[in-house]
Amino acid sequence: MARVILIRHGESEANRDGRSLGRADSPLTERGRRQVAALGRALAREPIGRVLSSPLRRAADAAAAVAAPHSLEVETCDGLIEMEVGEMEGLPWAEARARFAAFLDRWMTDESATLPMPGGESLADVQRRAWPVIAPFFAASRPDAPSGAPAETTVVVSHNFVIKTLLCAALHLDLACWRRFEADLTGRTVLESRRGLTVLRTLNDVSHLPPDLRG
């Protein structure tokens, strides 16, 4: 059985300030550091074998908090970086809505799965580069996998859009279903693969956070 825990990073300065955020390397706030510390404590006794992370600091810092109790090195994967949001990067949300109203009207439809951000990526682009990062971890549970193939718990720390596209791929859902999932700050989603079937065990669990650190 393979087990993958998908985790979103803690609160960044851009999250706090209500700015559109893609690949800008916005650091964690003090609140974000408290969130990832709580996350690390919650996962300290989990049987974790590997910790993978987006290269952006807000994800890497969260990954480090998870890896430290297990004496693991964080493995950085470029495929896990957040979606390139292009011309919307860094804009206050109100300004983004005003400047890109026509785009955002289309973004609110099923067309969003393949609609590139102005000067950036589409969700389909994100899924194509991110899914190959985690797909191999499920191989050991395939019906045709070699006998005795090892299974381990892998933690993957990434970003809002990345996690939602990975869930669609893992559960064999059309990418247009991405809005059916939430990925809160340091939210934990657990996927298990048994005999070739991927099971969603936990979705967006934030029980490790006290009420003042949620949302």
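Which residues is Leu 6 in contact with, leaving aside its neighbours within four places in sequence? In this predicted model, the list is Ile 134, Val 156, Ile 163, Leu 166, Leu 167, Gly 187, Arg 188, Thr 189 and Leu 191. Leu 6 also stands opposite Thr 189 in strand S5. That makes Leu 6 a useful entry point to the sheet and the core.

## The sheet

Six strands form an open sheet. Their order is S3-S2-S4-S1-S5-S6, and the pairing is mixed. S3 (74-76) and S6 are the edge strands, each pairing on one side only. From one strand to the next, the twist averages 20°. Helix H7 (residues 160-170) packs on this sheet and touches S1, S4 (153-158), S5 and S6. The direction of H7 makes about 150° with that of S1.

In general, strands of a sheet pair through backbone hydrogen bonds, either parallel or antiparallel. Both senses appear here, as three of the pairings show.

| Strand pair | Sense | Bridges | Residues opposite each other |
|---|---|---|---|
| S1 (residues 2-8) and S5 | antiparallel | six | Leu 6 and Thr 189 |
| S5 and S6 (residues 197-205) | antiparallel | six | Arg 188 and Asp 205 |
| S2 (residues 48-53) and S3 | parallel | three | Val 51 and Val 74 |

S5 (residues 188-194) deserves a closer look. Six of its seven residues are buried, so S5 is largely enclosed by the rest of the structure. S5 joins S6 in a hairpin with two residues between the strands. In that hairpin, Arg 195 takes a positive phi near 50°.

## Nonpolar cores

In soluble globular proteins, nonpolar side chains tend to be buried together. The largest nonpolar core here has 40 residues. Those with the most contacts inside it are Leu 6, Phe 103, Trp 107, Met 117 and Ile 134. S1, H5 (101-107), H6 (123-134) and H7 each supply at least two residues of this core. The largest share, seven residues, comes from H7. A second, separate core has 17 residues, including Leu 43, Ala 59, Ala 63 and Val 157.

Helix H3 (57-67) has its own buried set. Arg 58, Ala 59, Ala 62, Ala 63, Ala 65, Val 66 and Ala 67 are buried there. The buried residues of H3 pack against S1, H2 (30-42), S2, S3 and S4.

## Buried polar residues in loops

Ser 54 is found in the loop between S2 and H3. Its relative accessible area is 0%, so Ser 54 is buried. A polar atom of the Ser 54 side chain lies 3.2 Å from the backbone nitrogen of Leu 56. Not counting residues up to four places away in sequence, Ser 54 touches Ala 59, Ala 60, Thr 76, Cys 77, Leu 80, Ile 81, Val 157, Ser 158 and His 159.

Glu 121 sits in the loop between H5 and H6. Glu 121 counts as buried because its relative accessibility is 12%, and the cut-off is under 20%. Outside the residues up to four places away in sequence, Glu 121 touches Arg 23, Glu 82, Met 83, Glu 84, Leu 115, Pro 116, Val 126 and Arg 129.

## Positive phi between H7 and S5

Most residues other than glycine have a negative phi. Two residues in one loop have positive values. His 172 lies in the loop between H7 and S5, with phi near 55°. Thr 186 is placed in the loop between H7 and S5, with phi near 60°. Are these two residues buried or exposed? His 172 counts as exposed, at 71% relative accessibility. Thr 186 is buried, with a relative accessible area of 0%.

## Cysteines

How many disulfides are there? The count comes to zero. Take Cys 177: its closest cysteine sulfur, in Cys 168, is 5.8 Å away, too far for a bond. A disulfide needs the two sulfur atoms within 2.5 Å. Cys 177 counts as buried at 11% relative accessibility. Cys 77, which Ser 54 touches, is buried with a relative accessible area of 17%.

Technical notes:
Residues are numbered from 1 along each chain as its sequence is written. This is a predicted model: local features need pLDDT of at least 70, side-chain atom pairs count only at pLDDT 80 or more; totals for chains, interfaces and linings use all residues. Side-chain values use heavy atoms; hydrogens and water are left out. Buried means under 20% relative accessible area, exposed over 50%, partly exposed in between (1.4 Å probe, protein chains only). Helices (H or I, at least four residues) and strands (E, at least two) are DSSP runs, numbered from the N terminus. Two strands pair if DSSP finds at least two bridges between them. Axes are lines fitted to C-alpha atoms, for helices over the stretch in contact, and angles run from 0 to 180 degrees between N-to-C directions. Contact means heavy atoms within 4.5 Å. A nonpolar core is a set of buried Ala, Val, Leu, Ile, Met, Phe, Trp, Tyr and Cys residues joined through side-chain atoms within 4.5 Å. A polar contact is a pair of N or O atoms within 3.5 Å; within protein, one must be able to donate a hydrogen and the other to accept it, and residues adjacent in sequence count only if both atoms are side-chain atoms.
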